[in-house]
Amino acid sequence: MAPDEALLQFLECAGREVLVGFNAPFDQAVLDRALREHLGVRLPNPWIDLAQLAPALLPEARLAGRPLDDWLALFGLRAQSRHRAVFDAYATAELLLILLARAGAQGLTSVSQLRAACEQQARFSPGGGAGAAEAGGVGRAAGRGSGGEALAGRQGSAGSVPVSRGGPR
């Protein structure tokens, strides 16, 4: 498949959903560069970075700045094959489900609350980070969107998971 066609399919899949990734600024930069180069557009979707959200929700784990593998191990999860898009996306989606449950238990039930937690974590983390960078991704997860609507995501590539504000499809 040609890059232009693949990117158009990605844009169609992502729609206007919130995208989720671990170290999301990396995924965002790769996608933005490819979209500008091949289609002359930018991805407008908001992002949630699990590398920021996880330590914000679980500071007692003392894993801020640690790789995805460390967070997966904390919850007894393991990616079948790391650094392969489908396996990283699946592992990221599993971590997202756990973190959404934790967030809900802490009263964080909207996209804006999750993004604020990411941004606060980024401000207090060594090296900062984009936290909840602006930009798009794909699994099914549960939670609430910024307007109180149900969140759902679809498993996607490159370890990114778009989260839908409209609930399961």
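A nonpolar core is a set of buried Ala, Val, Leu, Ile, Met, Phe, Trp, Tyr and Cys residues joined through side-chain atoms within 4.5 Å. Buried means under 20% relative accessible area, exposed means over 50%, and partly exposed lies in between (1.4 Å probe, protein chains only).

This is a predicted model: local features need pLDDT of at least 70, side-chain atom pairs count only at pLDDT 80 or more, and totals for chains, interfaces and linings use all residues. Residues are numbered from 1 along each chain as its sequence is written, and side-chain values use heavy atoms, with hydrogens and water left out.

**Exercise 1. The chain in outline**

Work out how many helices and strands the chain has, and their pattern along the sequence.

Solution.
- Step 1: Apply the DSSP rule: helices are H or I runs of at least four residues, strands are E runs of at least two, and both are numbered from the N terminus.
- Step 2: Count them. The chain has six helices and five strands.
- Step 3: Read along the sequence. The pattern is α-β-α-β-α-α-α-α-β-β-β.
- Step 4: Add burial. Of the chain's 169 residues, 46% count as buried.

**Exercise 2. The largest nonpolar core**

Find which residues of the largest nonpolar core touch the most other members, and which elements supply the core.

Solution.
- Step 1: Recall the background. Nonpolar side chains in soluble globular proteins tend to be buried together.
- Step 2: Pick out the best-connected members. The core has 27 residues, and Ile48, Leu50, Leu53, Trp71, Leu95 and Leu99 touch the most other members.
- Step 3: Trace the suppliers. At least two residues each come from β1 (18-21), α3 (50-57), α4 (68-74), α5 (85-105) and α6 (111-124).
- Step 4: Name the top supplier. α5 gives the most, with six residues.
- Step 5: Look for another core. A second, separate one has nine residues, including Leu7, Phe10, Ala24 and Leu35.
- Step 6: Zoom in on Leu95. Contact means heavy atoms within 4.5 Å. Leaving out residues up to four places away in sequence, Leu95 touches Phe22, Leu50, Leu68, Trp71, Leu72, Phe75 and Leu77.

**Exercise 3. Three helix pairs**

Describe how α1 packs on α2, how α3 packs on α6, and how α3 packs on α5.

Solution.
- Step 1: Fix the descriptors. Two packed helices are described by the angle between their axes and the distance between the axes. Axes are lines fitted to C-alpha atoms, for helices over the stretch in contact, and angles run from 0 to 180 degrees between N-to-C directions.
- Step 2: Fix the classes. Under 35 degrees is roughly parallel, over 145 roughly antiparallel, 65 to 115 roughly perpendicular, and the rest oblique.
- Step 3: Take α1 (residues 3-14) and α2 (residues 24-39). Their axes come within 10 Å and cross at roughly 120°. α1 is therefore oblique to α2.
- Step 4: List that contact. Pro3, Asp4, Leu7, Leu8, Phe10 and Leu11 of α1 meet Leu31, Ala34, Leu35, His38 and Leu39 of α2.
- Step 5: Take α3 and α6. Their axes are 8 Å apart, at an angle of about 90°. The two helices are therefore roughly perpendicular.
- Step 6: List that contact. α3 brings Gln52, Leu53, Pro55 and Ala56, while α6 brings Leu114, Ala117, Cys118, Gln121 and Ala122.
- Step 7: Take α3 and α5. Their axes come within 10 Å and cross at roughly 35°.
- Step 8: List that contact. Leu50, Leu53, Ala54 and Leu57 of α3 meet Thr92, Leu95, Leu96, Leu99, Arg102 and Ala103 of α5.

**Exercise 4. Cysteines**

Determine how many disulfides the model has, then state the burial of Cys13 and Cys118.

Solution.
- Step 1: Set the test. A disulfide is a pair of cysteine sulfur atoms within 2.5 Å.
- Step 2: Apply it. The count is zero.
- Step 3: Check exposure. Cys13 is partly exposed, at 31% relative accessible area. Cys118 is buried, at 0%.

**Exercise 5. Loop residues**

Locate Arg62, Arg82 and His83, and say what surrounds Arg82.

Solution.
- Step 1: Start with Arg62. Its place is the loop between α3 and α4. Arg62 is not a glycine, yet has a positive phi of about 50°. Its relative accessibility is 75%, so Arg62 counts as exposed.
- Step 2: Move to His83, in the loop between α4 and α5. His83 has a positive phi near 65°. At 65% relative accessibility, His83 is exposed.
- Step 3: Take Arg82, found in the loop between α4 and α5. At 23%, Arg82 is partly exposed.
- Step 4: List its partners. Beyond neighbours within four places in sequence, Arg82 contacts Leu68, Asp69 and Asp88. The C-alpha atoms of Arg82 and Asp69 are separated by 8.5 Å, with the residues 13 apart along the chain.
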